[in-house]
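Visitor: I've got a model open on my screen and I'd like to talk it through. Can you walk me around?

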Amino acid sequence: MVGSNERSRREVLKAAGGLAAVSALPMSALGGWLVEDVVPKRILFLGGTGFLGPHMVRRALERGHDVTLFNRGRSNPHLFPEVTKLVGDRYTDLTALEKGEWDVVIDTFTYLPTTVRATVDLLRDRIDRYVVVSTISVYGNRNDIDMDEAAPLAEVDPAVADAMTSHREVGMHYGAMKALCERAAEEGMPGRVWNNRPGLIVGPGDVTNRFTYWPWRVRRGGEVLAPGEPGHYTQFIDVRDLANFIILGSERGLTGACNAVSPARHFTMGGVLDDCKEASGSDATFTWTDAAFLQSQGVMPWQHMTCWVPPSAPGYEGFGQISAARAVASGMQIRPVIETARDTLAWVDKQDEAFRERLDAGLVPGRGGAGLSSEREAEVLSAWRDRVDEG
């Protein structure tokens, strides 16, 4: 399946000392080769029309690749009329995939190992590489400082895993099931699988409010409830940076696993909120409150105070400090928070008023909600001032 042009390209990489060595060089050192000398690939996206998918498809088309989408045709079917579209169902109908050859398959729907295994078994003789869009949740609650891809993965009782028939049943076993999906792909295509493990994916198009809460809340201005300490670390990745990295890795034929998050200690909560303030031009001020107080008020890390988990939380001592060294060495780039915040706000402004009202209320369609409502935030800030006055 690998043509002579691709072989020569890999020989150049090898002569340059491998992928990591090439990635460490500035683009100018290679005369722009990494940007312009793209060997077009046939890329099959399993999914491709949700949040991350469209960004990847756009990047693939920009880079000159031949794109095919396989999905149920229900989510955003109007997107990408110029590409080949195959209709089917990962659970019940893979008929549309019985013919055709592709260089790369990018699987965005990896929840059940049985589903991944069935797809790999059908395609492995007609594809070169298989990309699993996985998650750093494969490590379970392990958050050791500078933890890398060699860390032990989460586990689930095989009987529990085998009993699941839908992604809706994964629940608390999400990370362990993702780990099993990675294993299923690797067992079916040894040495030809790239497990891309992002953390929190943010930016334009994200309806979860898990990052969007901050630029949206900070833009309203006034006193903002802020969690923990300004120096507490956090990690996430702009959806466009992740899309760019996955397409780049697909072009380069990366295999193994990569933690696709911002580098350890690259972002702090204080820096994130300051950048949100600059991006929005607001008059916001930040009142930093400790984890114990927030817990006493029923304000939960990650859910209500998004992007944040206190390092004092058991099992999360290394939160925001997972190693992304392998991904950075392989070409991943992270844009400034201010750019993500500005573009996220511009996207929210294009949504309908009902959507923005749900953001203000800490509610998100079809989910449990993220962030705090204005009323609840005011109550917690008042309780903090009372505590300070009493102290």
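What follows is a short set of questions and answers about this model.

Visitor: Before we dig in, what kind of model is this, and what is its mean pLDDT?

Guide: It's a predicted model, where local features need pLDDT of at least 70, side-chain atom pairs count only at pLDDT 80 or more, and totals for chains, interfaces and linings use all residues. Residues are numbered from 1 along each chain as its sequence is written, and side-chain values use heavy atoms, with hydrogens and water left out. pLDDT is the predictor's confidence in each residue, from 0 to 100. Here 88% of the residues reach 70 or more, and the mean pLDDT is 88.

Visitor: Where is the pLDDT below 50?

Guide: Where pLDDT is low, the predicted coordinates should not be read in detail. The stretch in question has 45 contacts in the model beyond near neighbours in sequence, a contact being heavy atoms within 4.5 Å. The pLDDT is below 50 over residues 1–36.

Visitor: How many helices and strands are there?

Guide: Both are DSSP runs numbered from the N terminus: helices are H or I with at least four residues, strands are E with at least two. By that count, the protein has 15 helices and 13 strands.

Visitor: What share of the residues is buried?

Guide: Buried means under 20% relative accessible area, exposed means over 50%, and partly exposed is in between, using a 1.4 Å probe and protein chains only. Out of 391 residues, the buried share is 52%.

Visitor: Which element gives the most to the largest nonpolar core?

Guide: A nonpolar core here is a set of buried Ala, Val, Leu, Ile, Met, Phe, Trp, Tyr and Cys residues joined through side-chain atoms within 4.5 Å. The largest one has 38 residues, and Phe45, Leu52, Met56, Ile106, Phe245 and Ile246 have the most contacts inside it. Among the elements giving two or more residues are strand 1 (42–46), helix 4 (52–62) and strand 11 (256–260). The top contributor, with six residues, is helix 9.

Visitor: Let's stay with that core. Which residues does Ile246 contact?

Guide: Ile246 sits in helix 9 and counts as buried because its relative accessible area is 0%. Its C-alpha is 8.6 Å from that of Ile106, 140 residues away along the chain. Leaving aside neighbours within four places in sequence, Ile246 is in contact with Leu52, Met56, Ile106, Val131, Val133, Trp194 and Asn196.

Visitor: Is Asp241 buried or exposed, and which side chain makes a polar contact with it?

Guide: Asp241 lies in helix 9, residues 239–252, and counts as buried because its relative accessibility is 6%. Leaving out residues up to four places away in sequence, Asp241 touches Gln333, Ile334 and Arg335. A polar contact means a pair of N or O atoms within 3.5 Å; within protein, one must be able to donate a hydrogen and the other to accept it, and residues adjacent in sequence count only if both atoms are side-chain atoms. At 2.9 Å, the side-chain partner of Asp241 is Arg335.

Visitor: Why do the buried residues of helix 5 line one face?

Guide: Helix 5 covers residues 113–123, and its buried residues are Pro113, Thr115, Val116, Thr119, Val120 and Leu123. Their cover includes strand 1, strand 4, strand 5 and helix 7 (174–188). The arc is taken from the directions between the helix axis and the C-beta atoms. Seen down the axis, those buried residues line one face because they fall within an arc of 160°.

Visitor: What about backbone oddities: what is the phi of Trp302?

Guide: Most residues other than glycine have a negative phi, and most peptide bonds are trans. Trp302 lies in the loop between helix 11 (291–296) and helix 12 (325–329), and counts as partly exposed because its relative accessible area is 31%. Though not a glycine, Trp302 has a positive phi of about 75°.

Visitor: Last one: how many disulfides does the structure hold?

Guide: A disulfide is a pair of cysteine sulfur atoms within 2.5 Å. Cys181 counts as buried because its relative accessibility is 0%, and Cys258 is buried too, at 2%. The number of disulfides in the structure is zero.
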